[in-house]
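Dear colleague,

I am writing to hand over a structure for your attention. Please look at the sequence and the coordinates first; my notes follow below.

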Amino acid sequence: MQNLYINAIDLDSSGSGDYQFTDFSGFQKYVLTSDTKVGATLISGSPNRVHFLSTDGTNSNSIPQDQASVFYSSASSIDSTIGNVKGGLGYYGLIFGPPAW
């Protein structure tokens, strides 16, 4: 695939510090909103793998500030992890295509 955008949506919290996250690797760039509620950290020892962690302590129902968008100029496979810090119940998703915001 070429020119692929993947948007991790609804990265927030189910409460009690159980923040949602997603990790991606192998992409060329990522985009967050200017008023984002998602932190981006390069994972030590993993070249070009970024951990996107919610800083939103509430359940915010897929607002743009709770999203991270990654861009692959070319990809034959995608490596991603999605989860909750404490392993609780969480709802989030992936949208393929340019960010709508």
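**Notes on the structure**

Asp-23 lies opposite His-51, a residue of strand S5. Please bear in mind that this is a predicted model.

The pair just named belongs to two strands, S2 and S5, that run antiparallel and are joined by five bridges. Strand S2 covers residues 20-25 and includes Ser-25. Both strands are part of an open sheet of four strands, arranged in the order S4-S5-S2-S7 with antiparallel pairing. S4 and strand S7 (79-84) are at the edges of this sheet; each has a single partner strand, so one side of each is left without a neighbour in the sheet. From one strand to the next, the twist averages 15°.

On the other side of S5 in that order comes S4. Strand S4 (residues 38-42) pairs with strand S5 (residues 49-54) in the antiparallel sense, over five bridges. Within this pairing, Gly-39 stands opposite Leu-53 of S5. The hairpin of S4 and S5 has six residues between the strands, and Gly-45 there takes a positive phi near 80°.

A second sheet should be described next. It is open and has four strands in the order S3-S6-S1-S8, with antiparallel pairing. Its edge strands are S3 (29-31) and S8 (93-96), each of which pairs on one side only. Neighbouring strands of this sheet are turned against each other by 25° on average, direction ignored. Inside the sheet, strand S1 (residues 2-9) and strand S6 (residues 68-74) run antiparallel and are joined by six bridges. Ala-8 has Ala-68 as its bridge partner in S6.

I turn now to individual residues, beginning with Ser-25. Is Ser-25 buried or exposed? Its relative accessibility is 16%, and because buried means under 20%, Ser-25 counts as buried. The side chain of Ser-25 is joined to that of Arg-49 by a polar contact of 3.2 Å. Leaving aside neighbours within four places in sequence, Ser-25 is in contact with Asn-48, Arg-49, Tyr-72 and Asp-79.

Asn-7, found in strand S1, is a further polar residue to examine. With a relative accessible area of 3%, Asn-7 is buried. What does the side chain of Asn-7 reach? The partner is the backbone oxygen of Gly-97, at 2.6 Å. Not counting residues up to four places away in sequence, Asn-7 touches several residues, among them Gly-97, Pro-98 and Pro-99, as well as Ala-68 and Ser-69.

Finally, there is the nonpolar interior. In soluble globular proteins, nonpolar side chains tend to be buried together. The largest nonpolar core here has 13 residues, of which Ile-6, Leu-11, Phe-24, Phe-27, Phe-52, Val-70 and Tyr-72 touch the most other members. S1, S5 and S6 are the elements that give two or more residues to this core. Ile-6 can serve as an example: not counting residues up to four places away in sequence, Ile-6 touches residues including Phe-24, Val-70, Tyr-72, Ile-78 and Leu-94. Tyr-72, one of the core residues listed above, is also among the contacts of Ser-25.

Yours sincerely

Key:
Residues numbered from 1 in each chain as written. Predicted model: local features only at pLDDT ≥ 70, side-chain atom pairs only at ≥ 80, totals over all residues. Heavy atoms only, no water. Buried < 20%, exposed > 50% of the residue type's maximum accessible area, 1.4 Å probe, protein only. Polar contact = N/O pair within 3.5 Å; in protein donor to acceptor, adjacent residues only side chain to side chain. Contact = heavy atoms within 4.5 Å. Pairing = 2+ DSSP bridges. Axes fitted to C-alpha atoms, helices over the stretch in contact; angles between N-to-C directions. Core = buried A, V, L, I, M, F, W, Y, C linked by side-chain atoms within 4.5 Å.
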